[in-house]
Amino acid sequence: MLAELHVHIEGTLEPELIFALAERNRVSLPYADLDELRSRYEFTDLQSFLDLYYANMQVLRTAEDFTDLAKAYLRRAAQAGVTRAEFFFDPQAHTSRGVPLAEVVEGLAEAVAAGRREFGVDAAMIASVVRDRPVHEAEEVFGELLRLSAPIIGLGLDSAEVGYPPSLFEDVFARARAEGLHAVAHAGEEGPPEYVWQALDLLGAERIDHGIRSLEDPLLVARLVDEQIPLTVCPLSNVRLRVVDSLERHPLPRMLEAGLLVTVNSDDPAYFGGYVDDTFAALRDRLGLTDAQRETLARNSIAASFG
Ligand code: ES4
Ligand code: ZN
């Protein structure tokens, strides 16, 4: 059993599907062909990735597009051995360009149902606040999710981290928790340990997405260990976004040794060079991850899941 707890469904949009959806929706792309698109997949930091990620989403327009996207991910996740998938989606990335929220939610919900039926994956959705957009917009879109009775299990926080602290989103997370939703937040990816403290203390985050910079703060590590707060770590993402120098130097083994409840995830697999099975294989081959460590990580993922 393996749970994937940190994957952005829009980050599973493969180049081939970008071209297929562009044609179906008559969206013109600024790339002549797949090779030209693929040549853009070289990033210097989080923002350089986000620019391409948001640009490529333009091809997602209808419920059917979102169903096709999420079904392709769930099919691939099942192949990777994933039995439970809690995936993020970015409602504001779609509403802000005129796609009705109902199309997004209905399309994804259809894929969740198909995922169980066709691939045997137990999937669930977490709506994520796009933190570099206006706070009031996050609050409005969250209200719309509630009015639609969107089948979400939680609220997340993602996009450009530095300069957009969790403290900005206290109110919307309080509302989400009052509605019985789970709370998670990206923190300590590019941002400082202070943002992890805020995610815990101000947002009530039950899991921290990334959280690798927590290692800079021994008191924070003690808190995370003590409360066994899961950290959903994404090693291939960290390398591609230059948050760590190389896979060989990734702090994952140190995090396990410290007693942190760490899980391994793919983040944006269409952009970062692999799905969760590819990630485990790379950790084994290039970081010397043992079978026992691999089993611990799989066990942690189930313990950290909301399923
Ligand atoms: C993301 Cl790697 C990463 N970090 C923050 N926000 C994101 N949204 C999609 N991928
Ligand atoms: Zn992420």
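Here are legends for a set of close-up views of this predicted model.

**View 1. The whole protein, before zooming in.** The protein's secondary structure adds up to 15 helices and 8 strands. Its C-alpha trace spans about 50 × 45 × 40 Å along the principal axes. For 307 residues, a compact globule would have a radius of gyration near 19 Å, and the protein's 18 Å agrees with that. Buried residues account for 47% of the 307. Take the contacts with a separation of 6 or more: 76% of them link residues 24 or more positions apart.

**View 2. An open sheet of 8 strands.** The strands line up in the order β1-β2-β3-β4-β5-β6-β7-β8, with parallel pairing. Which strands sit at the edges? They are β1 and β8, each of which pairs on one side only. Zoom in on β2 (residues 84-89) and β3 (residues 122-130), and you'll find 6 bridges joining these two parallel strands. Alanine 85 stands opposite alanine 123 in β3. As a reminder, strands of a sheet pair through backbone hydrogen bonds, either parallel or antiparallel.

**View 3. Four annotated residues at one spot.** The unreviewed UniProt entry puts a "binding site" annotation on His6, His8, His186 and Asp267. They span 262 residues in sequence, yet no two of their C-alpha atoms are more than 11.6 Å apart, so they gather at one spot.

**View 4. Histidine 6, just after the first strand of the numbering.** Look for histidine 6 in the loop between β1 (3-4) and α1 (15-24). Is histidine 6 buried or exposed? It counts as buried, because 32 C-beta neighbours lie inside 10 Å. Setting aside neighbours within four places in sequence, histidine 6 is in contact with Asp209, Thr232, Cys234, Asn265 and Asp267.

**View 5. Histidine 186, in a strand.** This one is found in β5 (residues 182-187). Histidine 186 is buried too, with 31 other C-beta atoms within 10 Å. Leaving out residues within four places in sequence, the contacts of histidine 186 are Leu157, Asp158, Glu161, Asp209 and His210. Asp209 also turns up on the contact list of histidine 6.

**View 6. Aspartate 268, in a loop.** Asp268 also carries the "binding site" annotation in the unreviewed UniProt entry. You'll find aspartate 268 in the loop between β8 (262-264) and α13 (269-272). With 25 C-beta neighbours inside 10 Å, aspartate 268 counts as buried. Beyond its neighbours within four places in sequence, aspartate 268 is in contact with His8, Gly11, Tyr53 and Ser237.

**View 7. The residues around ligand 1.** What surrounds ligand 1? The shell is made of His8, Gly11, Leu46, Tyr53, Asp158, Ser159, His186, Glu189, Ser237, Asp267 and Asp268. Sorted by type, these shell residues come out as 2 nonpolar, 5 polar and 4 charged. Several are familiar from the UniProt record, where His8, His186 and Asp267 are among the residues annotated "binding site". The contacts of aspartate 268, namely His8, Gly11, Tyr53 and Ser237, appear in the shell as well.

**View 8. Helix α9 and what covers it.** Helix α9 runs over residues 193-201, and its buried residues are Tyr195, Val196, Gln198, Ala199 and Leu200. What covers them? The cover includes β5, β6 (207-210) and α10 (218-226). The strand β5 in that list is also where histidine 186 is found. When you look along a helix, keep in mind that an α-helix has 3.6 residues a turn, so residues three or four places apart point the same way.

Terms used: Residues are numbered from 1 along each chain as its sequence is written. Chains are lettered from A and ligands numbered from 1 in the order in which they are written. This is a predicted model: local features need pLDDT of at least 70, side-chain atom pairs count only at pLDDT 80 or more; totals for chains, interfaces and linings use all residues. UniProt positions are given in the numbering used here, feature names are shortened, and annotations may be inferred rather than shown by experiment. Helices (H or I, at least four residues) and strands (E, at least two) are DSSP runs, numbered from the N terminus. A residue is buried if 20 or more other C-beta atoms lie within 10 Å of its own, exposed if 12 or fewer, and partly exposed in between; C-beta atoms are placed from the backbone. Two residues are in contact if their C-beta atoms, placed from the backbone, lie within 7 Å. A residue is near a molecule or strand if its C-beta atom, placed from the backbone, lies within 6 Å of it. Ala, Val, Leu, Ile, Met, Phe, Trp, Tyr, Cys and Pro count as nonpolar, Asp, Glu, Lys and Arg as charged, and the others, Gly among them, as polar. The radius of gyration is taken over C-alpha atoms; the globule rule is 2.2 Å times the number of residues to the power 0.38. Two strands pair if DSSP finds at least two bridges between them.
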